[in-house]
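Hello,

Here is the structure I promised to pass on to you. Please open it alongside this email, and my notes on what turned up follow below.

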Amino acid sequence: MIATEEEAYEAILAHHAALDEDVKQRVRLIVGADGSESDDSAVLELIDHANAEVVPHAISEEHTIYQVASDKLGLTDLIAEMTSEHRTLVGEIKALENTSNSKDAAEHSERFSALFSKHVAKENDLILPKLLGSQDVDLRLVLSEMHELFEAAKESSALSGSEKSDPAASLLALLLDSTKELARSGQRDLASRLTASAWAVLEHERPDLANRATAALHRLIDLRNSEPVTLSANHNANVDKELDVRTLAPAQRHAEIFAAYRALLPGRGFLLINDHDPKPLQYQFEAEYRGQFTWDYLEGGPKVWRVRIGRPS
């Protein structure tokens, strides 16, 4: 039981320290002390932890500590800055959910951890001491209200995001864990084909899960040893247009590429220009259009890849 304001102050500091350390531990699993590739399960664990613990904590702070600091201490500008940092942290988690390779996953997770550490340090140094020293603030009451809101926000997060009530999400998670193990055992091609097949099944009915499968597929390909692509001698085949997707967001790229393919007449093709090897996309084409497309590498990096994608005559 919190008996004094000093105990309430120490309890908030301890909670901040625990949250910060929990994030750092999960990020260390993603990055690896030896700089190794990120682990899909570790990435998902950080995302789940952030949505289940960090985000509810931020919500409860905004409605208690931040509101009191703004209304009673006049820290309006500082609180606006701190609230904006919450939005930035949520943005990093969203970016992590949509990342398509291990390098980006490591970068977003490290950025999230660094931002969160600085954020809680500012709260500890610039807000909490002033709340503790104010005659107009009962920190015990503030902590009690924050705890109630925190638990309510956690419950809401669990109800909206738990995979336990979503069999399709649970099955996909099991499949992705299995394909990761297949890749580690040297069967990356099989792992990639299975993941692409899952994407094809989910694409229309569950686009949220299809996006998760796409991200996992990119990470599987990223685990492969660097292999030069075999360039095609088929440079004179019919090409209707060039599709340069380098300036598009990843989600837009897929939509544009598949739309361009579906618009092709037999014997025609288009030239895809990308900033990385579109091998994951090739697996997805095989899963959905097996035997109905051609794929010819015309340029194989390292900065630009050009692939002619066509319909057979």
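**Helix pairs, two histidines and a sheet**

Helix 2 and helix 4 cross in a left-handed sense. This is a predicted model, so please read everything below in that light. The axes of these two helices, helix 2 and helix 4, come within 10 Å and cross at roughly 160°. That angle is over 145 degrees, which makes helix 2 roughly antiparallel to helix 4. If you would like to display the contact, select Val43, Leu46, Ile47, Ala50, Asn51, Val55, Ala58, Glu61 and Glu62 on helix 2, together with Thr83, His86, Arg87, Val90, Ile93, Leu96 and Glu97 on helix 4. Sorted by class, the residues of this contact between helix 2 and helix 4 are nine nonpolar, three polar and four charged.

Each of these two helices also holds a histidine that you may want to look at. His86 lies in helix 4, which covers residues 76-97. Is His86 buried or exposed? With a relative accessible area of 3%, His86 is buried, because the cut-off for that label is under 20%. Setting aside the neighbours within four places in sequence, His86 is in contact with Ala58, Glu61, Glu62, Tyr66, His119 and Glu123. Ala58, Glu61 and Glu62 are also among the helix 2 residues in the contact with helix 4.

The other histidine is His49, found in helix 2 (residues 40-62). His49 is buried too, with a relative accessible area of 9%. Which residues does His49 touch, not counting those up to four places away in sequence? They are Leu19, Asp22, Val23, Arg26 and Val54. Of these, Leu19 is 30 residues from His49 along the chain, and their C-alpha atoms are separated by 9.6 Å.

A second helix pair is worth a view of its own. Helix 7 (residues 167-184) and helix 8 (residues 188-202) have axes that come within 7 Å and cross at roughly 160°. Helix 7 and helix 8 are therefore roughly antiparallel to each other, and helix 7 passes helix 8 in a left-handed crossing. On the helix 7 side the contact is made by Leu172, Leu175, Leu176, Thr179, Leu182 and Ala183. Helix 8 contributes Arg188, Leu190, Ala191, Leu194, Thr195, Ala198 and Leu202. By class, the contact of helix 7 with helix 8 has ten nonpolar, two polar and one charged residues.

Now to the sheet. Four strands make up an open sheet in the order 1-2-4-3, with mixed pairing. Strand 1 (242-244) and strand 3 (294-300) are at the edges, each with a single partner strand, so one side of each is left without a neighbour in the sheet. From one strand to the next, the twist averages 20°.

Going through the pairings in sheet order, strand 1 runs parallel to strand 2 (residues 269-274), and three bridges join them. One bridge to pick out here has Leu243 partnered with Leu272 in strand 2. Strand 2 and strand 4 pair in the antiparallel sense over six bridges, and Ile273 has Arg306 in strand 4 as its bridge partner. Strand 3 and strand 4 are also paired in the antiparallel sense, over six bridges, with Gly300 standing opposite Trp305 in strand 4.

What joins strand 3 to strand 4? The two form a hairpin with four residues between them, and Gly301 in the turn has a positive phi of about 85°. Strand 4 is mostly covered, as five of its six residues are buried. Helix 11 (residues 279-289) lies across strand 2, strand 3 and strand 4 (305-310), and runs at about 175° to strand 3.

Finally, a few totals for the protein. There are eleven helices and four strands. Of the 313 residues, 43% count as buried. Among contacts between residues at least 6 apart in sequence, 72% join residues at least 24 apart.

Happy browsing, and do write back with any questions.

Best wishes

Note on methods
Residues are numbered from 1 along each chain as its sequence is written. This is a predicted model: local features need pLDDT of at least 70, side-chain atom pairs count only at pLDDT 80 or more; totals for chains, interfaces and linings use all residues. Side-chain values use heavy atoms; hydrogens and water are left out. Two strands pair if DSSP finds at least two bridges between them. Axes are lines fitted to C-alpha atoms, for helices over the stretch in contact, and angles run from 0 to 180 degrees between N-to-C directions. Contact means heavy atoms within 4.5 Å. Angles under 35 degrees count as roughly parallel, over 145 as roughly antiparallel, 65 to 115 as roughly perpendicular and the rest as oblique. A crossing is left-handed if the near helix is turned anticlockwise from the far one by less than a right angle, and right-handed if clockwise. Ala, Val, Leu, Ile, Met, Phe, Trp, Tyr, Cys and Pro count as nonpolar, Asp, Glu, Lys and Arg as charged, and the others, Gly among them, as polar. Buried means under 20% relative accessible area, exposed over 50%, partly exposed in between (1.4 Å probe, protein chains only).
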